[in-house]
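Biologist: I am new to this structure. Could you show me how to read its features, one at a time?

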Amino acid sequence: MNVRNEMENYISTNENNGALLITGKWGCGKTYLLKQIADDLNANSNNLIVIISLFGIDKIDSFHQAVKESVFFAKGFEEHGEIVKNAFSKFKDKATPLINALSEYSKIAKGVNTALTINWQDFFTVEKEVQCKCGKEKVNKKLVLIFDDFERAEFDGVKLMGAINEYCENKEIKVIIVADENHINNNKYLEFKEKLISRTIKLVPDYDNTISSIINNYKEYATGYRDFLLQNIEIIQKLFKESGTENLRSLKSLLLDFERVYSTWLKTDVSQKFLPKVLYIFGAMLFTAKAGDYTEDEKYGDMFLDSKLSKKYKEWEGCYKLSSLKNWIVAGLWNKMDFIEEVNMKFNIQEMRDDEKFTRYIFWDLDQDLINKGMPVAVNKAYDGELCCDDLIGLLQKIKAMKKYDIPLPCDVDYSKISDGFDKRKQKIISNEVTEPKRRTFSEKHQVEEEAYPLYQKIEKLDNQLIPIRNKKALIDYLNTSQKPSYHFEGMVIGSFDSELMKLCFEKYCSANNAEKRELARLVIGLGFTDNFYINLDEFNETIKSLLELKEKLKKYKLSLNDYITITNVNEYIKEIEKLINNVNDCISLIKK
């Protein structure tokens, strides 16, 4: 059913047999469509279409006031200085002439309310015909009232229908009501609906045309973004259909959010040819998150398996899923530099070596020549512990895919040697000989061979192990370069409080003034050694050993002091260390149980 034709037919009839009801689901584009139709009809017909939102209306007086204001300020008049002066002069003799004048110059009415402490609504009535100004001419137009968001009004729906009926039946004004009847919970609604509504139209949205209209009218802030959307309109339409959301607000959220992605992408040296795929994957994640189905997995700490998305979104390719965008969608954390770094790493392929292309390219973009050149080098680097975690996962996935599709491997693969190489790299990372980039590539069990899955699990565990390593390094760097500790490190998990860190903290403490001593003591006492993901019994024991040594050092240091305030500070520090030792011992006891 064509909603526009039905509306025009209803408005054009001379008889008034009740209101027209347009119903449809929330977010399906009812309001957007009606505004478009209203704009067209107001410009090209003898009708004045006025839309009044009932959202939040909580009493009859507020309802009638909203109607008057909406009609009053929709009449198309322009302010003119001399007429305004005349209008005010008329007020000296009589209020009504003023109101009549204001009905021709509606833009100043709100100001008059304040200046003259009168309520112009008391003098203004809503009638079947209204005088409007089109250019310099005054014309009479037939009034049409559209009441939107009927189910969102905050007072009884039956009373609201009675108030609407005053305009429809008593004033013979054409009335259109817009509502989602699925959200109207009132036993008497159907009875009063029969008295008020003459015809009901169920809006069956034409999403393709609506999406096209939304994009054509999109107001960009990033130059070229609207053209990008228009070039990829079929992708957006397909994505929206596959989502099953039927909510155009979610679509608008996608367009708005991806503009930030688009504008930031332009700051990289990476080709825009990858952007349509990134848009599709971003939209799939965003729509699923808005439906409440894209959340962190409590057991594994990551999002649910991509295979679930791939079943729903036919063009899903996990290689275009950026972890920086995932964090933004799931956790609300936008990190511009993190995004740029990830985009450059994944898609800036101009300077890549053959082995990097092999591990990082999409599987279906590989060719035999690249496989023959890149795979042997990547495998040897894996044996030597030279592949970062992302490249190592890419290698494992490519090996599994090639075997699945009977593609000959140009070299043998020994997973035990790859695992040994990973162990070597891990030790270098822990000792700060190698800096491991932030991992952005993830896999599912079925994407790697069964023989390789234990290796993938080791890679997964490394992420949690690297957190305290990086935290400890940051803390040591800070203590070596700053005159004063920072609360930034309070509660930060550092793994073990080892001998190196203990000696540095002690030396820093001895050379500090009393204010700095107290802050440094708070920092040490506030450090964390475990969390939900990181527990290491050996490091706990090392921490106990270092804390006991620090305690003894502080006792000896105290003997050299003759300042009673400093001695008191040291005594308090020692007491806090003893409490910390007890807490760590308690953790050890729990682990052993």
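Modeller: Gladly. We start with a helix and its span. The expected rise is 1.5 Å a residue, so the 12 residues of helix α16 (residues 336-347) should span 16 Å. The end C-alpha atoms of α16 are 16 Å apart, which agrees. Keep in mind that this is a predicted model.

Biologist: Which residues of α16 are buried?

Modeller: Buried means under 20% relative accessible area. In α16 the buried residues are Asp338, Phe339, Ile340, Glu342, Val343, Lys346 and Phe347. The cover over them includes α12, α13 and α15 (323-331).

Biologist: What is found at the start of α16?

Modeller: Look at Asn335. One of its side-chain oxygens reaches to within 3.3 Å of the backbone nitrogen of Met337.

Biologist: Now a loop. Where is Thr268?

Modeller: Thr268 sits in the loop between α12 (248-265) and α13 (275-290).

Biologist: Is Thr268 buried or exposed?

Modeller: Compare its value with the cut-off. Buried means under 20%. Thr268 has a relative accessible area of 10%, so it is buried.

Biologist: Which residues does Thr268 contact, beyond its neighbours within four places in sequence?

Modeller: Ile340, Val343 and Asn344. Ile340 and Val343 are also on the list of buried residues in α16. Glu341 is another residue to look at here. Its C-alpha atom is 8.9 Å from that of Thr268, with the two positions 73 residues apart along the chain.

Biologist: What lies 2.7 Å from a polar atom of the Thr268 side chain?

Modeller: The backbone oxygen of Trp265.

Biologist: Let us try another helix. How many residues has α20?

Modeller: Helix α20 (residues 415-430) has 16 residues. From its first C-alpha to its last it reaches 22 Å, close to the 22 Å expected at 1.5 Å a residue.

Biologist: Where around α20 do its buried residues lie?

Modeller: List them, then look around the axis. The buried residues of α20 are Tyr415, Ile418, Ser419, Gly421, Phe422, Arg425 and Ile429. They cover an arc of only 160° around the axis, which puts them on the same side of α20.

Biologist: What do the buried residues of α20 pack against?

Modeller: Three helices: α18 (368-383), α19 (389-404) and α21 (453-481). After α20 comes Asn432, with a positive phi near 65°.

Biologist: Where else should I look for a positive phi?

Modeller: Try two aspartates. Asp406 has a phi near 55°, a positive value in a residue other than glycine. Asp406 is placed in the loop between α19 and α20. Asp149 also has a positive phi, near 60°. Asp149 is placed in the loop between β4 and α7 (157-170).

Biologist: Which of these count as buried, and which as exposed?

Modeller: Read the accessibility again. Asp149 has a relative accessible area of 12%, so it is buried. Asp406 counts as exposed, because its relative accessibility is 68%.

Biologist: On to strands. Why is β2 called largely enclosed?

Modeller: Count its buried residues. Strand β2 (residues 47-53) has seven residues, and five of them are buried, so the rest of the structure largely encloses it.

Biologist: How many bridges join β2 to β4?

Modeller: Seven. Strand β4 covers residues 137-148, and the two strands run parallel. Take one bridge as an example: Ile51 has Ile146 of β4 as its partner.

Biologist: What about a charged residue? Is Lys174 buried or exposed?

Modeller: First find its place. Lys174 lies in strand β5 (residues 174-179). Its relative accessibility is 4%, so Lys174 counts as buried.

Biologist: Which polar partners does the Lys174 side chain have?

Modeller: Two can be named. A polar atom of the side chain lies 3.1 Å from the backbone oxygen of Tyr10. A polar contact of 2.8 Å joins the side chains of Lys174 and Thr13. Leaving out residues up to four places away in sequence, Lys174 also touches others, including Ile11, Glu15, Asn16 and Leu143.

Biologist: Last, the whole chain. How many helices and strands does it have?

Modeller: There are 25 helices and six strands. Of the 593 residues, 47% count as buried. The chain exposes about 31100 Å², and carbon and sulfur atoms supply 47% of that area. For contacts, take those with a separation of 6 or more: residues 24 or more positions apart account for 74% of them.

Definitions and conventions:
Residues are numbered from 1 along each chain as its sequence is written. This is a predicted model: local features need pLDDT of at least 70, side-chain atom pairs count only at pLDDT 80 or more; totals for chains, interfaces and linings use all residues. Side-chain values use heavy atoms; hydrogens and water are left out. Helices (H or I, at least four residues) and strands (E, at least two) are DSSP runs, numbered from the N terminus. Buried means under 20% relative accessible area, exposed over 50%, partly exposed in between (1.4 Å probe, protein chains only). Contact means heavy atoms within 4.5 Å. A polar contact is a pair of N or O atoms within 3.5 Å; within protein, one must be able to donate a hydrogen and the other to accept it, and residues adjacent in sequence count only if both atoms are side-chain atoms. The expected span of a helix is 1.5 Å times one less than its number of residues. The arc is that of the directions from the helix axis to the C-beta atoms. Two strands pair if DSSP finds at least two bridges between them. Accessible areas come from the Shrake-Rupley method with a 1.4 Å probe; for residues, only the protein chains shown count as cover.
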